[in-house]
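Q: Please take a close look at the aromatic residues of this structure, and then place them in the fold around them.

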Amino acid sequence: MGQNKVLVIEDEAAIRDMLKFTLTASNYLVSEANNAEEGWKIALNDAPDLILLDWMMPGTPGVALAQRLRQNDKTKAIPIIMLTARGEEEDQVKGFDSGVDDFVVKPFSPRALIARIQALLRRQTNEKVDVNQFTAGSMRLDLESHRFYVADEEVRLGPTEFNLIHFFMTHPNRVFSRAQLLDHVWGVNVVVEERTVDVHIRRLRKLLEPTNVADYIQTIRGSGYRFSVVED
């Protein structure tokens with residue numbers, strides 16, 4: 001099993017150094033940021049397994065960054081432990097409301113911190129077992145084996161069609177414009193024309209036609225597309 005990656009977002013160099021030493025000694029890979037904006041960029045690009053986030057930082061505070069992380073598809077599932085000198089219950093409620101998973105109040109014992117990290121990562125691993133499988137109507141998508149089934153019969157999809165149906169199955173009953181689908185499925189830095197979406201939707205529907213579920217993907221005139229399970 002590979003090493004878990006931990007991102008430390010903390011503006012005080014002495015605390016960052018202590019955390020890096022503690023984490024490295026416990027066999028974690030550590031990346032560091034000294035402010036929220038730098039931490040945001042690393043979280044997006046490096047996909048850490050866990051984030052240690054300081055509450056009080058110059059500029060953007062940790063609570064605001066936690067909210068931003070929770071609103072982005074790439075980072076919303078990353079566990080966050082807030083490092084704080086604020087032990088008051090009201091502050092912790094505010095932190096949990098922003099999407100933080102756990103609190104460690106300064107000063108803290110390195111051993112206690114490692115125990116909290118291990119517990120949170122164990123919980124995350126157990127939850128991942130459940131989110132590898134998605135179902136919608138007679139459809140079933142298995143992320144681990146990268147296979148897609150309708151009524152327990154495998155339907156072979158190309159990579160883009162697989163990513164499209166994955167996005168649709170995890171965002172049902174909502175209308176997405178072509179531009180939104182491009183951002184979510186192809187990525188914000190990929191430059192392709194919006195009609196590319198139509199081409200892949202047609203291809204996906206054609207693959208689904210023999211199994212009578214092509215109608216799950218609905219064209220909303222003037223708006224885009226919606227995925228919704230249609231019962232016979």
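**Aromatic residues and their surroundings**

A: Phe167, Phe168, Phe176, Tyr216 and Phe227 form one aromatic cluster. The model is a predicted one, in which local features need pLDDT of at least 70 and side-chain atom pairs count only at pLDDT 80 or more, while totals for chains, interfaces and linings use all residues. Residues are numbered from 1 along each chain as its sequence is written, and side-chain values use heavy atoms, with hydrogens and water left out.

The structure holds five aromatic pairs. Rings of Phe, Tyr and Trp (its six-membered ring) pair if their centres lie within 6.5 Å; planes under 30 degrees apart count as stacked, over 60 as edge-to-face and the rest as tilted. One of the pairs joins Trp55 and Phe103, which are tilted, with 6.2 Å centre to centre and 45° between the planes. Trp55 lies in the loop between β3 and α3 (62–70) and Phe103 lies in strand β5, so this pair ties together parts that are 48 residues apart in sequence. Helices (H or I, at least four residues) and strands (E, at least two) are DSSP runs, numbered from the N terminus. Trp55 is buried, at a relative accessible area of 5%, and Phe103 is buried at 3%; buried means under 20% relative accessible area, exposed over 50% and partly exposed in between (1.4 Å probe, protein chains only). Phe167 and Phe168 also form a tilted pair, with 6.5 Å centre to centre and 50° between the planes. Both Phe167 and Phe168 are buried.

Strand β5, which holds Phe103, leads to the sheet. This open sheet has five strands in the order β2-β1-β3-β4-β5, with parallel pairing; two strands pair if DSSP finds at least two bridges between them. Its edge strands are β2 (29–33) and β5 (102–105), each of which pairs on one side only. From one strand to the next, the twist averages 20°; axes are lines fitted to C-alpha atoms, for helices over the stretch in contact, and angles run from 0 to 180 degrees between N-to-C directions. Strand β4 (residues 80–84) pairs with β5 in the parallel sense over four bridges, and Thr84 has Val105 in β5 as its bridge partner. Helix α1 (residues 13–25) packs on the sheet and touches β1 (5–9), β2, β3 (50–54) and β4, where contact means heavy atoms within 4.5 Å. The direction of α1 makes about 165° with that of β2.
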